[in-house]
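Notebook open, coffee poured. I want to go through this structure piece by piece and jot down what I look up.

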Amino acid sequence: MTNALKKIYIGLIIFFLYAPIGTLMVLSFNASKARTKWGGFTFKWYAALFENEEILSALFNTMLIALLSALAATLIGTVACIAMTGMKRRTKSIMMGITNIPMLNAEIVTGISLMLLYISLGIKFGIGTILLSHITFNIPYVILSVMPRMKQLNPSTYEAALDLGASHTTAFFKVVLPDLTPGILSGFLMAFTMSLDDFIITHFTKGIGVDTLSTKIYTEVKKGIKPEMYALSTIIFVTVLALLLLVNLSPEKKEQK
Amino acid sequence: MKIHMKTFLRKQQGILIHNIANFLWVCGASTFLSLASTGCTSPENGVNGQVIVYNWGEYIDPETLELFEEETGIKVIYDEFETNESMYPKIEAGAVSYDVVCPSDYMISRMIKNDMLAELDFDRLPNAKANIGAQYYEQAKGFDPENKYSVPYCWGTVGILYNKTMVDEPVTRWAQLWDEKYADNILMQDSVRDAFMVAEKLNGFSMNTLEPSELETAKNALIEQKPLVQAYVVDQVRDKMIGSEAAIGVIYSGEAIYTQQENPDLEYVIPEEGTNVWIDAWVILKDAPNKENAEKFIDFMCRGDIALKNFEYITYSTPNDAARELIEDEEIRNSPIAFPDLSQYDNLETFSYLGEEGDAVYNELWKEVKAY
């Protein structure tokens, strides 16, 4: 009995999480543009998607910005973590506080402040300003996931490496970095997804004619969102799902060997 | 011993960090600068310079932009917005300098009041002068009293969309949205001005009224209607009516033809009490960096064949008489939904800007309605 209840409960959770995405995937095959009418099964939105240059360039921008901003933020965030371990306790907690504020702060405040900053510095709005903004709001997430890893480090291993004749650089890359890698990776992924998701900050800091997927979708509000977007969302969802499956299955294989 | 090792480690780390930090500072700063500067260099210009256009999303046939570039050698830099309210602060902040913008009626009157628009020289806009129907310029006087600042681009009415199989009488009046037999079958627009427009027209008031007693009457009418309303929605009117989820709803005429194609049981009507005629129009900003090219752009969009392409793409009514002549499908050319004869209706009005205080009054009353 309790087992059945457990299954029903899990089932409900999964249903509520995935019913909206399921609806979207079904609609991406709907020949009618209307959400409430089934006009037959079709692949035409997928074909139209790959002919729509605007959507494709928005997709390219989104991916480029997500990748570059995540890379830069990971680099800066990781180095910041290393620096913070060398600080006194007081300075360290002040630094942690400073990096936590942007995360708790409302996005719209960050967006508008960045916009005002760029205006006052005379920086032209374009893909560069979006990238700078994304790096800015990504850094705290990287620090958040690398810092715990940093605390777990055993200082003796680094010293041992030095005692055995390794240079500082070698010791860092051979001893410290491998221990940090899981934290760095998860920080990178977190930054990547945050950047993919972002609408508000991008909206305020984007330049003329530069769109990411989120801002592109939003401009379609007046005339109704096009089914090509359903098709694209479906493709992205399936890709992410496949990647997650791959990531989750591969470690088991290694252990078996 | 342990403490000693920790300080030692700290020292070593200090040196290491110093090195890494130096290295990163150099690479980081240089990549940032180069990225920021790629943002700086303006996108490639055409032979005859560029024009920067800010328009609604999905509100132009992309092909017409290519044709314009080919014919004039002017590069179009195109950007889109989603609401008048999100467009305005971006222009006001001056983050980007646009040339041509396409706001709606009341937003144009606000921009005129705030001295943000450039006067147009219609001698340089021959197509706009010749092709845009006189009745639309007349209607545009509601927000641009001397027709000095704007050239109508798209327009339409707000009316009632009803499902013929779900009502047993012809629908002709706003008052029928207050009929109890349609309880739970009515869709209202979920936006202040649109909702109040219905209640004000019902009572024979102007939809730009600021008279407290009239506003009170309109508010009470909306509160009275509230129990009958199935939902206050925006986009969903379209889909809900196609899916026959409601019998009667308030909708923009631009959506009406499309909904009829999807569901032949639907009928659109302009209510007898009068309604809102909305106009989205091209304007040139006062600080436009490329004024001459902006004029060329607007005039090109007013050319009959180009306006026709845009009409077919957007499907909202065009004020361009030359384009209307070119429509091949007679049914659409003479459609009373797409091209109603405005002179046949009384009390047609266009929204004008009420000022910040006026907007605040409306918002306050709307809150009272929604919270009731």
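**Entry: odd backbone angles.** I started with B:Ser244, which has 15 other C-beta atoms within 10 Å and so goes down as partly exposed. This is a predicted model, so I am reading everything here as computed. I looked up where B:Ser244 sits: in the loop between helix H9 (236-242) and strand S7 (248-252) of chain B. Its phi is near 55°, a positive value in a residue other than glycine. I noted that one since most residues other than glycine have a negative phi.

Next I pulled up B:Asn347. Its phi is positive too, about 55°, and B:Asn347 is not a glycine. I found B:Asn347 in the loop between helix H14 (330-333) and helix H15 (355-371) of chain B. Buried or exposed, or something in between, for B:Asn347? I get 14 other C-beta atoms within 10 Å, so B:Asn347 is partly exposed.

I also put B:Asp115 on the list: B:Asp115 follows H4(B) and has a positive phi, near 60°.

**Entry: helix H4 of chain B.** That took me to the helix itself. Seven of the nine residues of H4(B) are buried, so the rest of the structure largely encloses this helix. I wrote down the buried ones: B:Asp105, B:Tyr106, B:Met107, B:Ile108, B:Ser109, B:Arg110 and B:Met111. What do they pack against? I traced the buried residues of H4(B) to helix H3 (84-93), strand S4 (150-163) and strand S9 (277-284) of chain B.

**Entry: domains of chain B.** I checked the assignment, which splits chain B into domain 1 (1-37), domain 2 (50-154 + 279-342) and domain 3 (156-276 + 349-371). Between domain 2 and domain 3 of chain B, I get 27 Å from one C-alpha centre to the other. Their contact involves 16 residues of domain 2 of chain B and 14 residues of domain 3 of chain B. Which helix gives the most to the domain 2 side? I came back to helix H4 (residues 105-113) of chain B, which supplies five residues there. Sorting the domain 2 side by class, I have seven nonpolar, six polar and three charged residues.

**Entry: the cores.** I then looked up the largest nonpolar core, which has 125 residues. Its members B:Val100, B:Val151 and B:Ile298 touch the most other members. The largest share, eleven residues, comes from helix H6 (residues 127-152) of chain A. From chain B, domain 2 (50-154 + 279-342) and domain 3 (156-276 + 349-371) each put in at least three residues. I also found another core apart from this one, with ten residues, among them A:Trp45, A:Ile217, A:Tyr218 and A:Leu232. As a general note to self, nonpolar side chains tend to be buried together in soluble globular proteins.

I followed up on B:Ile298. Skipping neighbours within four places in sequence, I have B:Ile298 in contact with B:Val100, B:Leu125, B:Ala128, B:Val151 and B:Trp282. B:Ile298 is one of the buried residues of H11(B), along with B:Asn293, B:Ala294, B:Glu295, B:Phe297, B:Asp299, B:Phe300 and B:Met301. With eight of its eleven residues buried, helix H11 (residues 291-301) of chain B is largely enclosed by the rest of the structure.

**Entry: a helix pair.** I picked helix H2 (residues 62-72) and helix H12 (residues 304-314), both of chain B: their axes come within 9 Å and cross at roughly 155°. Over 145 degrees counts as roughly antiparallel, so that is what I call H2(B) and H12(B). Who meets whom? On the H2(B) side I listed B:Glu63, B:Thr64 and B:Leu67, and on the H12(B) side B:Ile306, B:Lys309 and B:Asn310. By class, I tallied two nonpolar, two polar and two charged residues for this contact.

I lingered on B:Leu67. It has 16 C-beta neighbours inside 10 Å, so I marked B:Leu67 as partly exposed. I also took the C-alpha separation from B:Leu67 to B:Val192, 125 residues apart along the chain, and got 39 Å.

**Entry: chain B overall.** Last, the totals. I have 15 helices and nine strands in chain B. Of its 372 residues, 41% count as buried. Taking the contacts in chain B with a separation of 6 or more, I find 77% of them between residues 24 or more positions apart.

Methods
Residues are numbered from 1 along each chain as its sequence is written. Chains are lettered from A and ligands numbered from 1 in the order in which they are written. This is a predicted model: local features need pLDDT of at least 70, side-chain atom pairs count only at pLDDT 80 or more; totals for chains, interfaces and linings use all residues. A nonpolar core is a set of buried Ala, Val, Leu, Ile, Met, Phe, Trp, Tyr and Cys residues joined through C-beta atoms within 7 Å. A residue is buried if 20 or more other C-beta atoms lie within 10 Å of its own, exposed if 12 or fewer, and partly exposed in between; C-beta atoms are placed from the backbone. Helices (H or I, at least four residues) and strands (E, at least two) are DSSP runs, numbered from the N terminus. Domain bounds come from an automatic or database domain assignment. Two residues are in contact if their C-beta atoms, placed from the backbone, lie within 7 Å. Axes are lines fitted to C-alpha atoms, for helices over the stretch in contact, and angles run from 0 to 180 degrees between N-to-C directions. Angles under 35 degrees count as roughly parallel, over 145 as roughly antiparallel, 65 to 115 as roughly perpendicular and the rest as oblique. Ala, Val, Leu, Ile, Met, Phe, Trp, Tyr, Cys and Pro count as nonpolar, Asp, Glu, Lys and Arg as charged, and the others, Gly among them, as polar.
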